[in-house]
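This report covers the overall make-up of one protein, the surroundings of one strand, and the confidence of the coordinates. The sequence and structure come first.

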Amino acid sequence: MSIAKLLTLFLIVKGSIADEADWSYENPDDWKTNYPDCGGENQSPIDLVENDTIQFGALDLDWKNYEKLPKSVKAVNIGRSVQLDMEWNEDEIPSITSSLFDGEYVFAHYNFHWGANDDSGSEHTFDGHSFPFEGHMIHYKKDYGSYDEAIEKKDGLVAIAALGRFPDEDEDSKKVVLQSITPHIDDIKEVGGSAVIDPFPLTDFHVVYSGTDFVSYNGSMTFPKCSEVVTWIVAVDKFAMPKDQVEKLRSIKLAQGDDHNNRPVQPLNGRDVFQLNVKWYDNSSRPYVTSKILNDDYIFYHLHFRWGANDKEGSDHTLNGKRSDISKIKKVNDSKEIKVFPLSLFDVIKKENSWATYNGSFTEPDCAEVVTWILSLDIYSTTSKQLIALRSVELSHHEDHNNRPTQLLNKRSVIIYK
Ligand SMILES: [Zn+2]
């Protein structure tokens, strides 16, 4: 080996050790001494205050390839966190686009943040509250070719963050990504340790396709050199993360003997924080209708039920009570995830029925006149038992029905299709 080569090797080794050795989570206020960006005006994380967010409207987060199984997944203890490095076939690498940012952002890696105890761990906080865990899906701008190039550019990274909370009592702990990692914890306990994990798709991170709202702002990487190159997109819903798994994370040794790797929140300094209501996260995969009576495609948004106070009145909407377990949604704002089923199970979709159509309005305030109504003229059967179950659902103001009386036709025409 030539002396020049040896010297290069020495410098590289020295360089990487220096990176790990000159900052610690014990004194984050000192980072700016060696890394001036850490004292910048647009730093992350921040406290996300719901009342101070700006409504951005529907966010069109378009997740591409997140359901694709990677060829390999490796967990590495990189000293400041555990990082998941994942590899896909060239044409299957997950990427995200949105009107929130320009261009396509390619998935780079995932990393974890945790605290020394149950009271902290997340980097971002919500209205001052910390959570025990935070995971970051880091993406770089495809135009820049690589993560290393992108972190030098102002719009280099998009980070999608999801915070973990402990499950409520009797809450099903869904499959969480930590479950894939924790069996390998001994292999990644020491800095530099790594483990090959059974491949799993990124959709295992609940944040993908979850339908949660997000908040977004411009910020920085949360560790030195704190480059201000990140569009942050933070899930508002917190995901259930079993306590024993978070405890296993805490057994991982970090550089400098740190017992946590969450940076304290930084000043907002007047930055805008946007609230993004995800209505359709993937337009292409949502059902839609098109017809010669409509000028465009209409994308399915949601389905709701109307009913009356007794058997003589109520809605004539199709009710498929068999498939909804309403015992858990008795109170206003209750919700329950139900078994997945296709919309074709609602009889109205596949039948050769007759239809009536007219231009009308929402049947509840604000009664906006923006609706093309298409009503099936076939009346579907439901059972009294199912109706009784619906009537047991509590409505706001304790009403016993939610069907509006019929309104005047005025000069509108109703078209019948047989
Ligand atoms: Zn991170």
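## Confidence

pLDDT is the predictor's confidence in each residue, on a scale from 0 to 100. The model is predicted, and its pLDDT averages 82, with 79% of the residues scoring at least 70.

Among the elements, strand β8 (residues 125-126) has the highest mean pLDDT, 97, and helix α1 (residues 3-21) the lowest, 46. The pLDDT is also below 50 over residues 279-283, a stretch with 12 contacts in the model beyond near neighbours in sequence. Residues 315-326 stay under 50 as well, and the model gives them 29 contacts beyond four places in sequence. Where pLDDT is low, the predicted coordinates should not be read in detail.

## Overall make-up

The protein contains 20 strands and six helices. Of its 418 residues, 26% are buried. Taking contacts between residues at least 6 apart in sequence, 70% join residues at least 24 apart.

## Strand β6 and its partners

Strand β6 spans residues 95-98. Strand β3 (residues 62-64) runs antiparallel to β6 and is joined to β6 by three bridges; Trp63 has Ile96 as its bridge partner. Strand β7 (residues 101-114) is also antiparallel to β6, again with three bridges, and Ser98 is partnered with Phe101 in β7. The connection from β6 to β7 is a hairpin of two residues.

In a regular strand the side chains alternate between the two faces of the sheet. In β6, Ile96 and Ser98 form the covered face, while Ser95 and Thr97 form the uncovered one.

Definitions and conventions:
Residues numbered from 1 in each chain as written. Predicted model: local features only at pLDDT ≥ 70, side-chain atom pairs only at ≥ 80, totals over all residues. Helix = DSSP H or I, 4+ residues; strand = E, 2+ residues; numbered from the N terminus. Buried ≥ 20, exposed ≤ 12 C-beta atoms within 10 Å, placed from the backbone. Contact = placed C-beta atoms within 7 Å. Pairing = 2+ DSSP bridges.
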